[in-house]
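Hi,

Here is the structure I said I would pass on. Have a look at it first, and my notes on what turned up are underneath.

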Amino acid sequence: MQKIFAANWKMYKTRAQASQGAGELASGLGQLPAGHEVVVFAPFTSISCVADAFNGKPVLSAGGQNCYPAEEGAFTGETSPAMLRDAGASWVLTGHSERRHIMGEDDALVARKTIFALEHGLNVLLCIGETLDEREAGKLNAVLEKQLSAVFSAMPGNLRGDALVGRLAVGYEPVWAIGTGKVAGPEEVLDAHAVTRALLQKLVGETANRLPILYGGSVKPNNAAGLMALDNVDGLLVGGASLEAKSFLQIIGA
Ligand code: PGA
């Protein structure tokens, strides 16, 4: 199974700070085991700085945090997958909870973005996750199913089965654990990742066993190893603790 350590820099870092941070990551990263990959999702303005700093290191990739599902056109403020690739990105995030809950993106738009990005040559980290209210109302499974099936039921034939392997990863991020310092406990993570794997199996069959599922939400150097040891946790998506190269490297090393 591919293992992915992803940094989500959100709306942080100028270009100079991004070059410095990505440079520190590139020089501080030791030899990774085969199949491990590190992706930094940077703000649009600094994707090229990250890509330049990573140049020539195949396990390090740059990604965008959003894209719009059209090749070009009158979409003020938006960025196409081709533009992200031109800036040096090979990955994009879709469905991050801040896009869903602050920017109001619904499942249908997340599905369009995910599929369009895959069709236009980007790998996608598709984020899903429930709010605290949804969890407390016993709706975890229903929410994850709704978010995943919106994407996979619209997936075109040429993006089914093995075509997705190495191209698509799923990030499970309980919304109540993002940026709050509240990590989901091992039982909660095990359960949600097992539910996600089972839903993926229902939607894409055996291919599901080769799609990495990342955990995200208040991942820190001191909880990374415990999370990675859990079944069905194939990587980590790190926000706050990825802003300093030192702590992100500790998470990768854990
Ligand atoms: P956090 O963010 O690690 O700061 O909780 C995770 C994310 O939003 O991807």
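Let me start in the sheet: glycine 171 has leucine 214 in β7 as its bridge partner. That pair belongs to a parallel pairing in which strand β6 (residues 168-172) is joined to strand β7 (residues 213-216) by three bridges. One thing to keep in mind throughout is that this is a predicted model.

Zooming out, eight strands close into a barrel, with parallel pairing and the order β1-β2-β3-β4-β5-β6-β7-β8. On average, neighbouring strands of this sheet are turned by 25° against each other, ignoring direction. Helix α8 (residues 186-204) packs on the sheet, where it touches β5 (123-128), β6 and β7. The direction of α8 makes about 145° with that of β7.

At the other end of the strand order, β1 and β2 run parallel and are joined by six bridges. Isoleucine 4, for instance, has glutamate 37 in β2 as its bridge partner. β1 is largely enclosed by the rest of the structure, because five of its six residues are buried.

Back in strand β6, you will find tyrosine 172. Is that residue buried or exposed? Tyrosine 172 is buried, at a relative accessible area of 0%. Leaving out residues up to four places away in sequence, its contacts include Ile128, Gly129, Glu130, Arg135, Ala192, His193 and Leu214. Arginine 197 is 25 residues from tyrosine 172 in sequence, and the two C-alpha atoms are 11 Å apart in space.

Two of the helices also gave me something to write down. In helix α10 (residues 245-253), the buried residues are Ala245, Ser247, Phe248, Ile251 and Ile252. They pack against β1 (3-8), α1 (15-28), β2 (36-42), α9 (224-228) and β8 (235-238). For helix α2 (residues 47-54), the buried set is Ile47, Cys49, Val50, Ala51 and Phe54. Their cover includes α1, β2, β3 (60-64), α3 (81-87) and β4 (89-94). Just after α2 comes glycine 56, with a positive phi of about 90°.

Now for the empty space, probably your favourite part. The largest pocket has a volume of about 440 Å³. Its lining is made up of 16 residues, and those nearest its centre are Lys10, Met11, Gln65, Arg99 and Met103. By class, that lining has six nonpolar, six polar and four charged residues.

The second largest pocket comes in at about 180 Å³. It is lined by 18 residues, with Lys10, Ile178, Gly179, Gly239 and Gly240 closest to its centre. Here the split is seven nonpolar, eight polar and three charged. So if you are setting up anything around Lys10, note that it is listed for the centre of the largest pocket and for that of the second largest pocket too.

How many cavities of 30 Å³ or more does the structure hold? There is one, and the volume of the largest cavity is about 40 Å³. Among the residues lining it are Gly95, His96, Cys127, Ile128, Gly129, Glu173 and Val175. α4 (97-101) and β5 are the elements that give two or more residues to this lining, and α4 gives the most, with three. The lining residues divide into three nonpolar, five polar and two charged. Ile128 and Gly129 may look familiar: both are touched by tyrosine 172.

Cheers

Key: Residues are numbered from 1 along each chain as its sequence is written. This is a predicted model: local features need pLDDT of at least 70, side-chain atom pairs count only at pLDDT 80 or more; totals for chains, interfaces and linings use all residues. Side-chain values use heavy atoms; hydrogens and water are left out. Two strands pair if DSSP finds at least two bridges between them. Helices (H or I, at least four residues) and strands (E, at least two) are DSSP runs, numbered from the N terminus. Axes are lines fitted to C-alpha atoms, for helices over the stretch in contact, and angles run from 0 to 180 degrees between N-to-C directions. Contact means heavy atoms within 4.5 Å. On a 1 Å grid over the protein atoms alone, a cavity is a set of points where a 1.4 Å probe fits but cannot get out, and a pocket is an open set with protein on both sides within 12 Å along at least five of seven lines; lining residues have an atom within 4 Å of a point. Grid points are joined across faces, edges and corners, and a volume is the space filled by probe spheres set on the points. Ala, Val, Leu, Ile, Met, Phe, Trp, Tyr, Cys and Pro count as nonpolar, Asp, Glu, Lys and Arg as charged, and the others, Gly among them, as polar. Buried means under 20% relative accessible area, exposed over 50%, partly exposed in between (1.4 Å probe, protein chains only).
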